[in-house]
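Student: I would like to practise reading a structure. Can we go through the terms one by one?
Tutor: Yes. Ask what each word rests on.

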Amino acid sequence: MNKIKTTAIFFIISLFLTKTAYVESAEVILSEQIAKGKDLFVNETFAGNGRTCSTCHRLDNNHTIDPKYITQLPDSDPLFIAETNPDLAELERPKLLRQFGLILANVDGFDKPGVLRGVPHLLGLKASITPEEEFEGTVVKHALGWSADGSPNDGSLHQFTVGAITQHFPKTLNRKVGIDFRLPTDDESKALEAYMLSLGRSEELDLDSMFFSSPIVQKGRELFHSKEPGTGQCKGCHLNGGANSSSSLQNGNRDTGVENMPDSPLKLVWKSVPHDGGFGQEKQNECGWFKNQPCYGNYEFNMTTVVEAADTPPFFHNNSVSTIEEAVAFYNSNAFHQSPGANPADPSDPDSVCERCIHLEPTQVTAIALFLRTINAMENIRSSNALELHLEQLTKKERQEQLALAIAETTDAIEVLEGGAIIPNPESVKLLRKALKYEEIALNSRYKIEALKLITQAIAFKSQANDLLLDSSKN
Ligand code: HEC
Ligand code: HEC
């Protein structure tokens, strides 16, 4: 071999090695950042009132919280700080927090009445926070929170931590930096951002090429993922079950009239609950069903991902609907039909029709809901299996923590598949139960080798359960 050739080969090999080392070190840095972010998310109080991010975004509950979960917490939990600390009596509305899982959020500024909102799960953020370029995209970097304007300053995920601490962590309502709480360092915000972006799905589904073994679920998919009249026309705003518009391919805001539903449960409990105006801070005087209330915003809310919906009830920004079936049926309502989201008929043009005045029979509502339950269970299985993949590298304590999270996902898969009462895939539920039993024995096992063996079997059962949900002849 001549010298030039040898040098060239050496050069190529060293290039390859440098590249591999570079890729590996970038991965290592990211995983260290995620681990640091997780620790901050769970433990860091930012010198505030004792709450942490996980006070509301519970790791074993899809990074959200709901009334059922809340009933199991002791009164000493920092979630209830407004009930125990007189300085913070106005931080929350305790009755609404306990009954509906609603949190007070001063999204229109601390000088305006706070609105009451559910805690969003933080799953799949990677695919669902790019705002529509020509609308909210001109104001915020990322579409965050129920109306896309949840983050202060540049409206980015990086800045969200600053907003969350100022809103939820203060020792007094003066909210003075350095006295009532401290702000995150840049490194802390980056680590938290990396952690949050690592949660849930990182990719969108491809619903048009998914075929389900149950004809009910398959019909649900067809009714959901279409824009044709006579279907649910959900695809327009939930492309592939995500949070993006099928036209802009971005995460837009729409006015779908959720605030206008009559007899909203929280309004029955607290008559003068402030009307939530959604995106922006512009004052409006004609809000609500009777158009007689003030509010701030342009009435629009951010489109949400629905793959993760079925196991995170209640639904919509104000937690006003209890079940996934009712959330689907909302699109039959007058509140939706009269909202801009339905493209209602123009009263001045006799030829115009309401383009999206969706009418779904109860059987069709059931089919769409069973479809949403099925894709949610598939995501639970993916997540549960991913959590169990590298357990052997962890310490015993870490392994048990991670396994407990995987068990929460397996449990969710079972709950969503059987929660609709009609169970299109009973064999899948049986396999998931078997997997859960193996996982629970593994969690309590004193022997690492035995635990890992049980987990390998549990992963196989869950994968089998997943395969049975799909039509094997078509996928
Ligand atoms: C007291 C409960 C509570 C605590 C504590 C809390 N959050 Fe939240 N979180 C909420 C609520 C309510 C919303 C919805 C806000 C909105 O609509 O603008 C939210 C929204 C979010 C979102 C937007 C998610 C999306 O899908 O758009 C992110 C990101 C987030 N929180 C991160 C954090 C971080 C980071 C912390 C800790 C520094 C934290 N939260 C602490 C209640 C809480
Ligand atoms: C015009 C756009 C649009 C259409 C069409 C649409 N959605 Fe939505 N969807 C939204 C918006 C915006 C939200 C958030 C509304 C809010 O909280 O106020 C939402 C929220 C939801 C939620 C609640 C998610 C949660 O976690 O609380 C579900 C479930 C849902 N949609 C299902 C559907 C189904 C099923 C269809 C078809 C029958 C559909 N959507 C059609 C825009 C739309």
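Student: Why does His238 count as buried?
Tutor: This is a predicted model, and the values are computed from it. His238 has 10% relative accessibility. Buried means under 20%. So His238 counts as buried.

Student: What makes the arrangement around the iron atom of ligand 2 octahedral?
Tutor: Look at the donors and the angles. There are six donor atoms, and they subtend angles of 87 to 180°. Six donors count as octahedral if opposite donors are over 155 degrees apart and all others between 65 and 115. The arrangement is therefore octahedral.

Student: Which residues coordinate the iron atom of ligand 2?
Tutor: His238 does so through NE2 and Tyr331 through OH, at 2.0 to 2.1 Å. Donors must lie within 2.8 Å of the metal, so both qualify. His238 is in the loop between helix H7 (215-224) and strand E3 (253-254). Tyr331 is in the loop between helix H9 (324-329) and helix H10 (334-337). The pair therefore ties together parts that are 93 residues apart in sequence.

Student: What is the protein donor of the iron atom of ligand 1?
Tutor: His57 (NE2), at 2.1 Å, is the only one. His57 sits in the loop between helix H1 (3-43) and helix H2 (67-71).

Student: Why is Tyr331 called partly exposed?
Tutor: Tyr331 has 22% relative accessibility. Exposed needs over 50%, buried under 20%, and partly exposed lies in between. So Tyr331 counts as partly exposed.

Student: And what about Phe336, buried or exposed?
Tutor: Phe336 is at 3% relative accessibility. The cut-off for buried is under 20%, so Phe336 counts as buried.

Student: How many aromatic pairs does the structure hold?
Tutor: Nine. One of them joins Tyr331 and Phe336, with ring centres 4.9 Å apart and planes at 75°. Centres within 6.5 Å make a pair, and planes over 60 degrees apart make it edge-to-face. This pair is therefore edge-to-face. Tyr331 and Phe336 also form one aromatic cluster with Phe316 and Phe330.

Student: How do you know that the charged end of Arg98 sits over the ring of Phe80?
Tutor: The charged end of Arg98 is 3.8 Å from the ring centre of Phe80. The distance limit is within 6 Å, and the charge must also be within 35 degrees of the ring normal. Arg98 is listed as sitting over that ring.

Student: What volume does the largest cavity have?
Tutor: About 70 Å³. Its lining includes Val115, Leu116, Leu266 and Lys267. Strand E2 (115-117) and helix H8 (265-269) are the elements that give two or more residues to that lining.

Conventions
Residues are numbered from 1 along each chain as its sequence is written. Chains are lettered from A and ligands numbered from 1 in the order in which they are written. This is a predicted model: local features need pLDDT of at least 70, side-chain atom pairs count only at pLDDT 80 or more; totals for chains, interfaces and linings use all residues. Side-chain values use heavy atoms; hydrogens and water are left out. Rings of Phe, Tyr and Trp (its six-membered ring) pair if their centres lie within 6.5 Å; planes under 30 degrees apart count as stacked, over 60 as edge-to-face and the rest as tilted. Buried means under 20% relative accessible area, exposed over 50%, partly exposed in between (1.4 Å probe, protein chains only). Donors are N, O and S atoms within 2.8 Å of the metal (3.2 Å for Na, K and Ca); water is not among the atoms, so sites may look incomplete. Four donors count as tetrahedral if all angles lie between 85 and 135 degrees; four count as square planar and six as octahedral if opposite donors are over 155 degrees apart and all others between 65 and 115; anything else is irregular. Helices (H or I, at least four residues) and strands (E, at least two) are DSSP runs, numbered from the N terminus. On a 1 Å grid over the protein atoms alone, a cavity is a set of points where a 1.4 Å probe fits but cannot get out, and a pocket is an open set with protein on both sides within 12 Å along at least five of seven lines; lining residues have an atom within 4 Å of a point. Grid points are joined across faces, edges and corners, and a volume is the space filled by probe spheres set on the points.
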